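Keep the sequence and the 3D view side by side. We will go from the metal site outward, then turn to the second ligand.

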Amino acid sequence: MAAQTRYSKIAIVLHWTIAVLIIGLIIFGLLMTNPNTPNRFVLYQLHKSFGIMVLLLSIFRLVWRLLHRPPALPKDMEKWEILAAKFTHIAFYVIMIGMPLLGWAMVSASPLPIPTELFWTIAWPDLPFIPESKDLEETFEFLHGNIGKLTIGLILLHFGAAMKHHFVNKDNVFVRMMPWVKKRG
Ligand code: HEM
Ligand code: HEM
């Protein structure tokens with residue numbers, strides 16, 4: 001059997017769906033917390049709805065990933081590069097699940113009675129065991145906001161690495177996540 005050279009279709013669809021959602025959540029998260037932005041309430045509800053979607057998709061993705069081996073990396077990659085990629089990917093899984101949980105914990109701790117309704121249809125409960133507390137809400141808000149900003153750096157690093165593989169090393173690392181780009185060699 002030929003060696004697997006690309007991620008599976010499911011892994012690729014999940015990667016790009018979650019990538020677009022996370023980049024959108026960061027952009028709209030930063031916009032909606034700016035007092036000059038119009039329709040902020042609508043943006044908050046959409047942010048919470050798409051954020052919970054990321055949580056559910058990422059749990060499924062993590063289970064899928066643990067059950068499926070990714071294609072092998074090019075043999076000429078340095079040890080530090082393999083470690084850096086591993087570290088970034090694990091950090092992304094922590095963020096993909098941790099960020100929505102922090103957001104959910106933040107709105108659960110909030111003393112303000114603002115319900116979370118996914119896309120104005122599904123009433124989403126608060127997390128159990130989180131007491132209403134302004135201090136707790138602010139702690140979760142601090143973590144959610146700062147980890148969100150850190151994620152921007154990680155995405156740039158990840159994007160830069162993918163581009164280096166494609167345009168400098170000219171290997172198949174980028175292609176294995178891009179079904180519509182022709183394989184090399
Ligand atoms: C991967 C998923 C998520 C990402 C990447 C994300 C990212 C962000 C970012 C970058 C901000 C702006 C922070 C700031 O300006 O300091 C923000 C704010 C916020 N997020 Fe999320 N978020 C996610 C999921 C969620 C979820 C699931 C909820 C709630 C159910 C949520 C609730 C909020 C709230 C209430 C704010 C406003 C906080 C404030 O007023 O400072 N987020 N988010
Ligand atoms: C900005 C555009 C992006 C590009 C060009 C890109 C490209 C890639 C490529 C080429 C791979 C395969 C590399 C390898 O397996 O060594 C990959 C894997 C991965 N990417 Fe991205 N990505 C992007 C955005 C994101 C975002 C926003 C996230 C999540 C926050 C993300 C999370 C991941 C994860 C977790 C893997 C590892 C997959 C696994 O083995 O489970 N990516 N990405």
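This is a predicted model. Begin at the iron atom of ligand 1, whose site is octahedral. The iron atom has 6 donor atoms, with angles of 86 to 180° among them. That range fits the label, because six donors count as octahedral if opposite donors are over 155 degrees apart and all others lie between 65 and 115.

Which residues coordinate the iron atom? They are His47 and His144. Each uses its NE2 atom, at 2.0 Å. The pair links distant parts of the chain, 97 residues apart. His47 lies in helix α2, residues 40–67. His144 lies in helix α4, residues 134–169.

Are these two histidines buried or exposed? His47 has a relative accessible area of 16%, so it counts as buried. His144 has a relative accessible area of 16% too, and is therefore buried as well. The cut-off for buried is under 20%.

Now widen the view around ligand 1. In total, 22 residues surround this ligand. His47 and His144 are among the closest, together with Thr33, Tyr44 and Glu141. Look next at the polar side-chain atoms that face oxygen atoms of ligand 1. One in Thr33 lies 2.8 Å from such an oxygen. For Glu141, the distance from a polar side-chain atom to an oxygen atom of the ligand is 3.1 Å. For Lys149, it is 3.5 Å.

Move on to ligand 2. Its surroundings hold 18 residues. Which of them come nearest? Tyr7, His15, Arg65, Tyr93 and His158 do.

Some of the side chains make polar contacts with ligand 2. In His15, a side-chain N or O atom is 2.8 Å from a nitrogen atom of the ligand. In Tyr93, a polar side-chain atom lies 2.6 Å from an oxygen atom of ligand 2. Arg176 also places a polar side-chain atom by a ligand 2 oxygen, at 2.8 Å. As for the helices, the elements that give two or more residues to this shell are α1 (9–32), α2, α3 (79–109) and α4. Helix α1 supplies the largest share, 4 residues.

What is the make-up of the ligand 2 shell by class? It has 12 nonpolar, 3 polar and 3 charged residues.

Finally, trace α2 and α4 once more. Helix α2 carries His47 and helix α4 carries His144, the iron-coordinating pair. Both helices also give two or more residues to the shell around ligand 2.

Terms used
Residues numbered from 1 in each chain as written. Chains lettered and ligands numbered in written order. Predicted model: local features only at pLDDT ≥ 70, side-chain atom pairs only at ≥ 80, totals over all residues. Heavy atoms only, no water. Donors = N, O, S within 2.8 Å, 3.2 Å for Na, K, Ca; no water. Tetrahedral: all angles 85-135°; square planar, octahedral: opposite > 155°, others 65-115°. Buried < 20%, exposed > 50% of the residue type's maximum accessible area, 1.4 Å probe, protein only. Near = heavy atom within 4 Å. Polar contact = N/O pair within 3.5 Å; in protein donor to acceptor, adjacent residues only side chain to side chain. Nonpolar A, V, L, I, M, F, W, Y, C, P; charged D, E, K, R; others polar.
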